[in-house]
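Me: I have a model open and want to learn how to read its features. Can we go through them one at a time?

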Amino acid sequence: MTQSNIRYIGTDAFNLTPWLNSKPDGELYIGTVFYKYMGTMPNNTYVWIKDGTTCISGNAFEDCTGLVSVNIPNSVTIIQSGTFKNCSGLSSIIIPKSVTTIEDSAFLGCSGLTSINFPNSITSIKDSAFQNCGGLTSITISSNITEFGNYVFKGCNLQKVEINSNIITAKDYSTGYNLGVAFGGHVTDLVLGNKISAIGENAFYSFNELTSVTFPATLSYIGDGAFSDISELNELKVSCDNLAAFANNKVIGLIYSTFVNQDVSLVDGDGIVIHDYVIPNSVTSIGNKSFARCTGLTNITIPNSVTTICDSAFVSCSNLKSVTMGSGIKNVGFEAFAECQKIEEVHINDLAAWCNIDFKTGAYSSYYGEYITSFYANPIAARVGGSGIFTGGGGATIYHQGEAVSNLIIPDGITMIKPNVFAYSKIKTITIPSSITKICEDAFCKCTNLNGVYINDISAWCNIEFVTYSSWPKSSLKANPLMYAHDLYLNDKKITNLSVPFDVKQIKPYAFYNCSLESVVLPNGLTTIGESAFSNCQNLMSIVIPNTVSTIGVDAFANCLSLYSVTSLLNMPFNLDETVFQYKGTQYDKDIVYMAATLYVPRGRVPMYSGIQGWQKFLNIMETDTKFKLTYIVDGEEYKTYEIQATEVITPEPDPYKEGCIFSGWSETPYLMPAHDVTVTGAFTIDTAIDQIMSNGKDDAMIYTIDGKRLSKPQRGLNIVRMSDGTTRKVVVK
């Protein structure tokens, strides 16, 4: 048998061959195989399989316990079943790039193996190929393996496994085929490389000692049960050289969905945990759960390029303290910032853009009576999640262009404030421009620090639509900031006695809910008073309703416990819902206002009101005039008197004139005539400068005509007087 003629080593060729364990030092050629025995120990056997050999048949070296090293030539493509089975002395092996297949049990029982390489050429490693290789503690697999058998590394002492191969998606793991069975051992550290895009069902099912897993940004799928029954896992690392990938893919979301209790550390290409992350400007959308449970993050900056933040994008980022929101954001998904209970600051550069963000609403909770999860979309409200959700006012501090916001001013031109945008914020006052026509549900929910709402146009305020959920109207209360602020200011002056402008034809629902008004006169021409328009105005004592009103909504004046006077100028009263003046609480009888207040109606209309639904509930109904006196008093004497229809606009009386005197101006004149007589007063005081000039003309003041001619004393008509203190006055002498 010559060397050149042998190209194949047959099955069991050297199985239990004694001389491989005992032959003295020397060389032996068998076909294409060259054996050389090294050193003084006969068990230290090194084998070189010469070039040209294409196949080593099954069990060829089985039980050759003295074999310590094998050199396999590049001509070999398959290592067949049991080839090196139980070669316990084999400490290392280099598999050439020509090998594509390692068949079942090929290295089973090679307990001396401490390292092994897997070239990229390998596509198949079959059942038990390296089972019971107890010396293996770590391996790296980077080849494009399409077949990976059961129990491949079972019985090994693997602690660290690095995989950058598609083996974890090569089979349908739902049928019971999984890498947990394949690797076995005591793997604690699992590193998945960037070639991996999917992890199949049950893939790492029995990796029950895992304490750390590193995931790539290329991951797009994790199958059911892929990491089930793993109790020790306490650290998940997500590593990616291109961090922008995290904003657009699902890698962390997949991890979040798979692992119930494990936290995630986002690390850069050097393996350093990221705390402050500025999302690149190339990102336009942040995907579902993209940064879920990234507990290492403390600060996140979202650029203007981002328009959408999807559901649960930052859920359970439990150490997140600061969020900067770009001005391009249009939509924020359900629970985007849920369980981010350490958020202290939310930075906004564009309030107009912020008011128009759609924060996705959650489901209604019948237990709490609120849409409790809707607020989790907004980072301002995220910190009040869990048991603290109903404490109110505990949200993050808003920063606008770097400054902490206490007194919030909505920019002119904004027409709508979207749902939840300021929920739970710590703002103390808010200024709302006349351009606002709609404020949506929960826009100011739990803003318990609010103590003032500032406006510059009552008519515009009366026409704001406070949007309600279709199935839960109470949410509109939290659209209106008066729910918490109580005090309404017009041009910086607190409104207590409200006269609604004559151009207002309807007052929208909830317009003055919970406001600290004391009296209200509604204008002639008003047709509609909306639902709960003045509900819960605890200080309201009197109201006047004009004859033009045709609709009064339910609860319009409910819970107005201080109300003692209701004047209705309706000549033809219509049916009224019994809730309009009803008390909704439990402290008093529900009809307490009907019993305590007096209803004043036009003369001759008492019988009519007494028979109409709603109005008839008033215990005291009395007649009243519809016109009342407006009297002007000057210096204690009647100056003029007018009789004016209640709810009509009052035209102010011009100031009177008296030679040598200064008029004080009229005391406050109502805008609308109330349902009672009104007295307005004024007084004259002597103008001392004119008195001095007129009395002796010796004052050192200088007197001029209108065209600048100097005079020795005042003359009839207009005089220009320059006083000794340098001031100039116009004096008219009759």
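Me: Which residues do ring pairs link into a cluster?
Reply: Keep in mind that this model is predicted. Ring pairs join Phe61, Phe84, Phe107, Phe118, Phe130 and Phe153 into a cluster. Across the structure there are 27 aromatic pairs.

Me: How do I read one such pair, say Phe118 and Phe153?
Reply: A pair of aromatic rings is described by two things, the distance of the centres and the angle of the planes. For Phe118 and Phe153 the centres are 6.2 Å apart and the planes stand at 80°, an edge-to-face pair. The two rings come from distant parts of the chain, 35 residues apart. Phe118 lies in the loop between strand 10 (115-116) and strand 11 (124-125). Phe153 lies in the loop between strand 13 (147-148) and strand 14 (160-163).

Me: Are Phe118 and Phe153 buried or exposed?
Reply: Both Phe118 and Phe153 are buried.

Me: Why is the pair of Phe291 and Phe314 called stacked?
Reply: The ring centres of Phe291 and Phe314 lie 5.2 Å apart and the planes are at 5°, so this pair counts as stacked. Phe291 sits in the loop between strand 22 (285-286) and strand 23 (299-301), and Phe314 in the loop between strand 24 (308-309) and strand 25, so the pair ties together parts 23 residues apart in sequence. Phe291 and Phe314 are both buried.

Me: Now the core. Which residues have the most contacts inside the largest nonpolar core?
Reply: In soluble globular proteins, nonpolar side chains tend to be buried together. Here the largest nonpolar core has 175 residues, and Phe130, Phe153 and Phe534 have the most contacts inside it. Another core lies apart from it, with 19 residues, among them Val634, Cys661, Trp666 and Val680.

Me: What does Phe153 touch?
Reply: Leave out residues up to four places away in sequence. Phe153 then touches Phe118, Phe130, Leu136, Ile139, Ile141, Phe148, Leu158, Ala182 and Phe183.

Me: Next, strands. Which strands does strand 14 pair with?
Reply: Strands of a sheet pair through backbone hydrogen bonds, either parallel or antiparallel. Strand 12 (residues 138-141) pairs with strand 14 in the parallel sense, over four bridges. One bridge sets Ile139 against Val161. Strand 14 is also joined to strand 15 (residues 189-192), again parallel and by four bridges. There, Lys160 has Asp189 as its bridge partner.

Me: Where do the side chains of strand 14 point?
Reply: They alternate. Val161 and Ile163 point to one face and are buried. Lys160 and Glu162 point to the other face and are not buried.

Me: What is the strand order in the open sheet of six strands?
Reply: The order is 21-23-25-27-29-30, with mixed pairing. Its edges are strand 21 (276-278) and strand 30 (403-404), each pairing on one side only. Within the sheet, strand 25 (residues 322-325) and strand 27 (residues 345-348) run parallel and share four bridges. Ser322 has Glu345 as its bridge partner in strand 27.

Me: What about phi? Which sign does Ser312 show?
Reply: Phi of Ser312 is near 55°, a positive value in a residue other than glycine. Ser312 is in the loop between strand 24 and strand 25. Its relative accessibility is 9%, so Ser312 counts as buried. Asn59 has a positive phi too, near 60°. Asn59 is in the loop between strand 5 (55-56) and strand 6 (67-71).

Me: And polar side chains: which one does Asn559 contact?
Reply: The side chains of Asn559 and Asn536 share a polar contact of 3.4 Å. Asn559 lies in the loop between strand 44 (551-552) and strand 45 (565-568). The cut-off for buried is under 20% relative accessible area. Asn559 has 12% relative accessibility, so it counts as buried. Beyond residues up to four places away in sequence, Asn559 touches residues including Cys537, Gln582 and Tyr583.

Me: Where does Lys617 lie relative to Tyr594?
Reply: Lys617 lies over the face of Tyr594, at 5.3 Å from the ring centre.

Me: One last residue: is Lys709 buried or exposed?
Reply: Lys709 is exposed, with 57% relative accessible area. It lies in the loop between strand 53 (702-704) and strand 54 (710-711). Not counting residues up to four places away in sequence, Lys709 touches Ile703 and Tyr704.

Definitions and conventions. Residues are numbered from 1 along each chain as its sequence is written. This is a predicted model: local features need pLDDT of at least 70, side-chain atom pairs count only at pLDDT 80 or more; totals for chains, interfaces and linings use all residues. Side-chain values use heavy atoms; hydrogens and water are left out. A nonpolar core is a set of buried Ala, Val, Leu, Ile, Met, Phe, Trp, Tyr and Cys residues joined through side-chain atoms within 4.5 Å. Buried means under 20% relative accessible area, exposed over 50%, partly exposed in between (1.4 Å probe, protein chains only). Contact means heavy atoms within 4.5 Å. Two strands pair if DSSP finds at least two bridges between them. Helices (H or I, at least four residues) and strands (E, at least two) are DSSP runs, numbered from the N terminus. Rings of Phe, Tyr and Trp (its six-membered ring) pair if their centres lie within 6.5 Å; planes under 30 degrees apart count as stacked, over 60 as edge-to-face and the rest as tilted. A charge sits over a ring if NZ of Lys or CZ of Arg is within 6 Å of the ring centre and within 35 degrees of the ring normal. A polar contact is a pair of N or O atoms within 3.5 Å; within protein, one must be able to donate a hydrogen and the other to accept it, and residues adjacent in sequence count only if both atoms are side-chain atoms.
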